[in-house]
Amino acid sequence: MPKWDKKGMPQYGNKEMVEGLMQDYFKRCKGETLQDENGSVVYQKNGEPTMVGGRPPTVSGLACALGFLSRKDFLEYKGKHAEVVAQARLMLEEYAEERLYDKDGLQGAKFTLTNNFQGWADKTREDYDIQIYEKLDGILEGINNAAKQ
């Protein structure tokens, strides 16, 4: 585990430490392969091994695994070995984005993408209204110009 500076930010000894913590977290999330009574791996119909004890990787979960004291600090981290932490965030974003294509994970994926990652915000009703008003203004201006002629 890393040590913390005076601001509560993790201080990593080296890049490999961060990578190790990150890899351990994603490995725990993946779970373990299911084995039958003979110790053989149990496979699914699609040929993939059956995994048990897995859980979805989360922003808060990875922040804890990397030694952060808050989700916000993890999302905004710019300290030493920030490129490894950024790669970890990207892996979480990739996982959530993949879940957009999965009926069961769609709502959770939308929530985490819009709340934890930049560039994923849904357009609000106000955004659509502004676009409509701008188009209407253009139409009305055209009508006024035509009426003056």
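## Exercises on a predicted model

Valine 41 is placed in the loop that lies between β3 (32-33) and β4 (51-52). The structure used here is a predicted model, and each exercise below is followed by a worked solution.

### Exercise 1

Task: Decide whether valine 41 is buried, exposed or partly exposed, and state which residues valine 41 is in contact with when neighbours within four places in sequence are left aside.

Solution: Begin with the relative accessible area of valine 41, which is 30%. Buried means under 20% and exposed means over 50%, with partly exposed in between, so valine 41, at 30%, is partly exposed. Next, with its neighbours within four places in sequence set aside, valine 41 contacts Thr33, Leu34, Gln35 and Pro49. Finally, take a long view across the model: valine 41 and alanine 109 stand 68 residues apart along the chain, and their C-alpha atoms are separated by 30 Å.

### Exercise 2

Task: Work out how many disulfides there are, and explain why cysteine 29 is or is not bonded to another cysteine.

Solution: The cut-off comes first, because a disulfide requires a pair of cysteine sulfur atoms within 2.5 Å. The cysteine sulfur closest to that of cysteine 29 belongs to cysteine 64 and is 11 Å away, which is too far for a bond. Seen from the other side, cysteine 64 is in no disulfide, since its nearest cysteine sulfur is that of cysteine 29, at 11 Å. The count therefore comes to zero disulfides under the cut-off of 2.5 Å. As a last step, consider the surroundings: cysteine 29 has 5% relative accessibility and so counts as buried, whereas cysteine 64, with a relative accessible area of 52%, is exposed.

### Exercise 3

Task: Describe how helix α1 (residues 15-30) packs against α4, giving the distance, the angle and the residues in contact.

Solution: Two packed helices are described by the angle between their axes and the distance between the axes. For α1 and α4, the axes come within 9 Å and cross at roughly 15°. Angles under 35 degrees count as roughly parallel, so α1 is roughly parallel to α4. The crossing of these two helices, α1 and α4, is right-handed. On the side of α1, the contact is made by Lys15, Val18, Glu19, Met22 and Phe26, while α4 contributes Glu83, Val84, Val85, Ala88, Met91 and Leu92. Sorted by class, the residues of this contact are eight nonpolar, no polar and three charged.

### Exercise 4

Task: Carry out the description again for helix α4 (residues 82-99) and helix α5 (residues 106-116).

Solution: The axes of α4 and α5 come within 8 Å, and they cross at roughly 140°. An angle over 145 degrees would be needed for roughly antiparallel, and 65 to 115 for roughly perpendicular, so α4 is oblique to α5. The crossing of α4 and α5 is left-handed. From α4 the contact involves Glu93, Ala96, Glu97 and Arg99, and from α5 it involves Leu106, Ala109, Thr112 and Leu113. In terms of class, this contact of α4 with α5 has four nonpolar, one polar and three charged residues.

### Exercise 5

Task: State where histidine 81 is placed, and decide whether histidine 81 is buried or exposed.

Solution: Histidine 81 is found in the loop between α3 (71-76) and α4. Its relative accessible area is 15%, so histidine 81 is buried. The backbone deserves a look as well, for histidine 81 has a positive phi of about 65° although it is not a glycine.

Conventions: Residues numbered from 1 in each chain as written. Predicted model: local features only at pLDDT ≥ 70, side-chain atom pairs only at ≥ 80, totals over all residues. Heavy atoms only, no water. Buried < 20%, exposed > 50% of the residue type's maximum accessible area, 1.4 Å probe, protein only. Axes fitted to C-alpha atoms, helices over the stretch in contact; angles between N-to-C directions. Helix = DSSP H or I, 4+ residues; strand = E, 2+ residues; numbered from the N terminus. Left-handed = near helix turned anticlockwise from the far one by under 90°. Contact = heavy atoms within 4.5 Å. Nonpolar A, V, L, I, M, F, W, Y, C, P; charged D, E, K, R; others polar.
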